[in-house]
Amino acid sequence: MSLHPTLQPYADAWTHSIEAISELVLPLVEGEWNRRTPCPGWSVRDVVSHVIGLDCEMLGDPRPIHTLPRDLFHVTNDQQRYMEMQVDVRRHHTAPEMTSELEYTVIRRNRQLRNESRDPGTKVRGPLGTEHTLEEAMRGHAFNVWVHEQDLRAALGRPGNLDSPGAQVARDVLLAALPDIVAVRAEAPRSSAIVFDVHGPVEFLRTIRVDIQGRGTLETAPALGPAAALSLDWETFVRLACGRVTPEGVADRIKAEGDLALAGAILRNFTVTQ
């Protein structure tokens, strides 16, 4: 294995999640591919199509030449249009076509990872002409595939892997987004602290401190007398951060203390990705 040690956790997380997805969808009958998922506007087929498309992008395959229909009301911006292309071209594929393409794509990606010898800092192509390091791309990819595994599990009534390698990557990705959510989007007061207490399969206690310049930083040390504190379970934390639920829809699973207006502003701005 020539993969750089820094990249190995992301390869392991992707492998674990993609194998779980393959296992979930292989026995599905045709009608089950049309089940609605928590991912806005997408069915089971659509989520699997998206996962295949993500891996095709990682492989450097050319993007499909396709015109999207105008009645896709969940598609409202360029990023969503970009992602929808790989989904819509597969909307009429049969169950055997979907599982065969997924299997073939996984074989190709496994071969790519076995031969991957590039440095983590190597620049690679991202969506809409963006550029990322290989490490950023692999971290984001592992995160996305795990989140979509959870979408499929929710749609199919097959919960699991909330503490898998992909979940550990997701924890780090979502924690990294908290300073911006608290300090910039929710406009927490300067020189304040906000505590997040997350329990369940993945547990952590983190403090976001906002300095006198209004910049947020993530700390592991608990804060005494924080401006606000939020306690919730890991699954709810993920579903909120990924736009799968609204704060109102899971209010019974969230405990807020301190400045409730600030806690509400944080929750309203909690979505990292959709």
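Analyst: Helix names such as α5 refer to DSSP runs of at least four residues, numbered from the N terminus. The model discussed here is predicted.

User: How much space lies in the largest pocket, and how many residues line the largest pocket?

Analyst: A pocket can be read by its volume, then by its lining, and then by the elements that supply that lining. The largest pocket holds about 1200 Å³ of space, and 48 residues line it, with Leu54, Gln79, Met83, Pro127 and Asn144 lying nearest its centre. At least two lining residues come from each of α2 (44-59), α3 (78-88), α4 (95-114), β1 (123-125) and α5 (134-156), and the largest share, 11 residues, belongs to α5.

User: How do the residues of the lining of the largest pocket divide into nonpolar, polar and charged?

Analyst: In the largest pocket, 20 lining residues are nonpolar, 18 are polar and 10 are charged.

User: Which residues lie nearest the centre of the second largest pocket, and where does the largest share of its lining come from?

Analyst: The second largest pocket, with about 260 Å³ of space, is lined by 14 residues, and those nearest its centre are Gln150, Asp151, Ala154, Glu235 and Arg239. Both α5 and α7 (234-241) supply at least two residues of this lining, and α5 gives the largest share, five residues. By class, the lining of the second largest pocket has seven nonpolar, two polar and five charged residues.

User: Turning to a single side chain, is Gln86 buried or exposed, and what does its side chain make a polar contact with?

Analyst: Relative accessibility is the value to read, and under 20% is the cut-off for buried. Gln86, which has its place in helix α3, counts as buried because its relative accessibility is 7%. The side chain of Gln86 makes a polar contact, at 3.4 Å, with the side chain of Glu57. When residues up to four places away in sequence are not counted, Gln86 touches Ser49, Gly53, Cys56, Glu57, Arg63 and Pro64.

User: Cys56 is among the residues that Gln86 touches; how many disulfides does the count come to?

Analyst: Two cysteine sulfur atoms have to lie within 2.5 Å to be called a disulfide, and by this rule the count is zero. Cys56 has no such bond because the closest cysteine sulfur, in Cys39, is 18 Å from its own sulfur, which is too far. Cys242 is likewise in no disulfide, as the nearest cysteine sulfur, again that of Cys39, is 9.2 Å away. Both of these cysteines count as buried, Cys56 at 8% relative accessibility and Cys242 with a relative accessible area of 1%.

User: Finally, how should backbone angles be read, and what is the phi of Glu187 and of Ser191?

Analyst: The general idea is that most residues other than glycine have a negative phi. In Glu187, however, phi is positive, near 55°, and Ser191 also has a positive phi, of about 60°, although it is not a glycine. Glu187 has its place in the loop between α6 (165-185) and β3 (192-199), and Ser191 lies in the loop between α6 and β3 as well.

User: Are these loop residues buried or exposed, beginning with Glu187 and then Ser191?

Analyst: Over 50% is the cut-off for exposed. Glu187 counts as exposed because its relative accessibility is 63%, and Ser191, with a relative accessible area of 56%, is therefore exposed too.

Terms used. Residues numbered from 1 in each chain as written. Predicted model: local features only at pLDDT ≥ 70, side-chain atom pairs only at ≥ 80, totals over all residues. Heavy atoms only, no water. 1 Å grid on protein atoms, 1.4 Å probe; cavity = no way out; pocket = protein on both sides within 12 Å on 5 of 7 lines; lining within 4 Å. Points joined across faces, edges and corners; volume = space filled by probe spheres on them. Nonpolar A, V, L, I, M, F, W, Y, C, P; charged D, E, K, R; others polar. Buried < 20%, exposed > 50% of the residue type's maximum accessible area, 1.4 Å probe, protein only. Polar contact = N/O pair within 3.5 Å; in protein donor to acceptor, adjacent residues only side chain to side chain. Contact = heavy atoms within 4.5 Å.
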